[in-house]
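Student: I am new to this structure and would like a close look at a single part of it. Could you take me slowly through the open sheet in chain A and what lies around it?

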Amino acid sequence: MKGARIVERPIDVRQLIAAVEEHRFGAISVFLGTVRDTNDGRDVSGIEYSAYVAMAETEMLSILDEAEIRFGVQSIVVEHRIGSLEPGELSVAIAAASAHRDPAMDCARFVIEEIKRRVPIWKLEHYKDGTREWIDPTRTDTAAV
Amino acid sequence: MSTVTVQLFASYAEAFGNSKLEVPLQDGGTVADLIKTIRSLPAGSRLPDSPRVAVNRKFAVTDQPLASSDEIALIPPVAGG
């Protein structure tokens, strides 16, 4: 079971776990990414996520295929939410299941790192002082756009 | 000469005030040619020197030739998670 989706509704973690669980597996590793209420010392009121949906889903599936080759994990699902999210809300969830814990945990870690590196998803961060900024992890300074 | 449609997202769509650009391109023109043309537009200076480009939903190299039927997108720095 492999699945990768961009969704515009709240993520149901139990549903993702249910999609990968099987009696032959002794481990399910779950990674959850949530919206933080501060960033670089600024108070965050919310994040607007957007994506190039067709490519993002294709790219996430490629990552899952690569994860299978690296870790032998065949049951992995990921959902990334887009739209306006408030602090504390889930933005991304990954569930990886395997016979033993090491591959499942390594796999979940690999998938989130690769999503951050190459899946076309963007964050427009809104701050409590009324300003906003496109998040650019490649930039070293923190000046507002 | 043909025209290609380029999708823009996030900060790039904001910079150009549009989510799509129609860009003239010589026959056999490459990703590098496309970037050069887009950077010569009024808002083009707001792009980095070498923005990432996706062709048919895959990241493309700069010498990749383009066709008017290709699905082309400029990809701002990604920030998922």
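Tutor: Here is a walk through that sheet, then its helices, and then the rest of the chain. Please keep in mind that this is a predicted model.

Let's begin with the sheet itself. Four strands of chain A make up an open sheet, and their order across it is 1-5-7-2, with mixed pairing. Strand 1 (2-7) and strand 2 (27-34) of chain A are the edge strands; each has a single partner strand, so one side of each has no neighbour in the sheet. On average, neighbouring strands here are turned by 5 degrees against each other, if direction is ignored.

Now follow strand 1 to its partner. Strand 1 of chain A pairs with strand 5 (residues 75-81) of chain A in the parallel sense, over 6 bridges. If you want a spot to look at, find A:K2, which stands opposite A:I76 in strand 5 of chain A. As you trace a strand like this, it helps to know that side chains in a regular strand alternate between the two faces of the sheet.

Two helices come next. Helix 1 (residues 13-20) of chain A lies across strand 1, strand 2, strand 5 and strand 7 (90-98) of chain A, and it runs at about 20 degrees to strand 7 of chain A. Helix 2 (residues 53-71) of chain A lies across strand 1 and strand 5 of chain A, running at about 150 degrees to strand 1 of chain A.

Helix 2 deserves a longer stop. At 1.5 Å a residue, the 19 residues of helix 2 of chain A should span 27 Å, and the end C-alpha atoms are 26 Å apart, which agrees. Its buried residues are A:M55, A:A56, A:E59, A:M60, A:I63, A:L64, A:A67 and A:F71. To read such a list, recall that an α-helix has 3.6 residues a turn, so residues three or four places apart point the same way. Right after helix 2 of chain A comes A:G72, with a positive phi near 70 degrees.

Elsewhere in the chain there is further pairing to find. Strand 4 (residues 42-51) of chain A and strand 8 (residues 121-127) of chain A are antiparallel partners over 7 bridges, and A:A51 stands opposite A:I121 in strand 8 of chain A. Strand 8 of chain A is also joined to strand 9 (residues 132-134) of chain A by 3 bridges, again running antiparallel. Here A:L124 stands opposite A:W134 in strand 9 of chain A. Strands 8 and 9 of chain A form a hairpin with 4 residues between them, and A:G130 in the turn has a positive phi of about 95 degrees.

Finally, step back to the whole of chain A. It has 3 helices and 9 strands, which run β-α-β-β-β-α-β-β-β-α-β-β from the N terminus on. The radius of gyration of chain A is 16 Å, close to the 15 Å that the globule rule gives for 145 residues, so chain A is as compact as a globular protein of that length. Its C-alpha trace spans about 50 × 25 × 25 Å along the principal axes. Buried residues make up 34% of the 145 residues in chain A. Among contacts in chain A with a separation of 6 or more, 75% come from residues 24 or more positions apart.

How values were computed:
Residues are numbered from 1 along each chain as its sequence is written. Chains are lettered from A and ligands numbered from 1 in the order in which they are written. This is a predicted model: local features need pLDDT of at least 70, side-chain atom pairs count only at pLDDT 80 or more; totals for chains, interfaces and linings use all residues. Two strands pair if DSSP finds at least two bridges between them. Axes are lines fitted to C-alpha atoms, for helices over the stretch in contact, and angles run from 0 to 180 degrees between N-to-C directions. Two residues are in contact if their C-beta atoms, placed from the backbone, lie within 7 Å. The expected span of a helix is 1.5 Å times one less than its number of residues. A residue is buried if 20 or more other C-beta atoms lie within 10 Å of its own, exposed if 12 or fewer, and partly exposed in between; C-beta atoms are placed from the backbone. The radius of gyration is taken over C-alpha atoms; the globule rule is 2.2 Å times the number of residues to the power 0.38.
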